[in-house]
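Student: I should like to learn how to read the features of a structural model. May we work through one together?

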Amino acid sequence: MLWITRFAGLFSAAMAVIVLSPSLQSFPPAAAIRSSPSPIFRKAPAVFNNGDECLSSGGVCNPSLVHVAITLDVEYLRGSIAAVNSILQHSVCPGSVFFHFIAVSEETNLLESLVRSVFPGLKFNIYDFAPETVRGLISSSVRQALEQPLNYARSYLADLLEPCVNRVIYLDSDLVVVDDIAKLWKTSLGSRIIGAPEYCYANFTKYFTGGFWSEERFSGTFRGRKPCYFNTGVMVIDLKKWRRGGYTKRIEKWMEIQRRERIYELGSLPPFLLVFAGHVAPISHRWNQHGLGGDNVRGSCRDLHPGPVSLLHWSGSGKPWIRLDSKRPCPLDALWTPYDLYRHSH
């Protein structure tokens, strides 16, 4: 497979980079996005047309489409643009991928114009997410970025997207896809609501406080289940079953409890674990080589997990665009650069 050869070459080159942990900051050109008279991103290569082997695709309700949801905001926009570019570059049928971009209301028009300029002809809709929807439910977290309202938008996809969209792949903004996204789309969920790579070797107890585990009324929620950690940055979601089961309300219930009782420390992840852990359709680990951003505080460099790679995910506090611009990258950050469309003259 061509990607494996390119991947090996890039990895070898990347290993020559000195490993340092930079001080972390927000995406630098956020203000430039709003004020720059010239484009801050290059136009993507024209890779959106389907070949003869692909089914014809139409509007958002066409059953042959692959639906992908990603959040957009000015702080992580560089990552989101790279993620979209990677998906299109590796899709056999890029014209059959429909993107659902979630943005806070005051930035929607700006971001829509930017996406159209970078990806002409891209199939997408952009949806307003009102921060007030979750602001009263959010509690403080170990990292400030995890407290941003848009970080919780994944819990509201069933309400935001069109009713005809019955399945969606949710992806974080700090990743790149290096395989055909249609393979992930075809994952069988069976009777489950969501599918994700699970990591059952991880210490599941650390995601909740000692008070949580000492209180049967809380910890009892896992009775009869075999819960495993999963990363919510890559999920396949059955929106039809989600809507029918009222899963947004179930997540909100745990967020309300958290505000009163302080049962966890990590943003939007624990409510998903409380509702779904032990009831997740397993997906191959190749679809979430996560943790490349290091831990949630120092952003230290990490290696790949053993095994094949279809998706590279810089979860954690270190982001590749920040480390690269500060000239203190981690070795694997070089694997993100081929998809970066940012104009460095800015």
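Tutor: We shall discuss paired strands, a pocket and one residue.

Tutor: This is a predicted model, in which local features need pLDDT of at least 70 and side-chain atom pairs count only at pLDDT 80 or more, while totals for chains, interfaces and linings use all residues. Residues are numbered from 1 along each chain as its sequence is written, and side-chain values use heavy atoms, with hydrogens and water left out.

Student: In which sense do strand 2 and strand 3 pair?

Tutor: Two strands pair if DSSP finds at least two bridges between them; helices (H or I, at least four residues) and strands (E, at least two) are DSSP runs, numbered from the N terminus. Here strand 2 (residues 97-104) and strand 3 (residues 124-129) pair in the parallel sense, over six bridges. Phe99 has Phe124 in strand 3 as its bridge partner.

Student: Which helix contributes the largest share of the lining of the second largest pocket?

Tutor: On a 1 Å grid over the protein atoms alone, a pocket is an open set of points where a 1.4 Å probe fits, with protein on both sides within 12 Å along at least five of seven lines; lining residues have an atom within 4 Å of a point. Helix 7 (residues 181-185) gives the largest share, four residues.

Student: Is Ala83 buried or exposed?

Tutor: Buried means under 20% relative accessible area, exposed over 50% (1.4 Å probe, protein chains only). Ala83, in helix 3 (residues 77-90), is buried, with a relative accessible area of 0%. Leaving aside neighbours within four places in sequence, Ala83 is in contact (heavy atoms within 4.5 Å) with Ile70 and Leu175.
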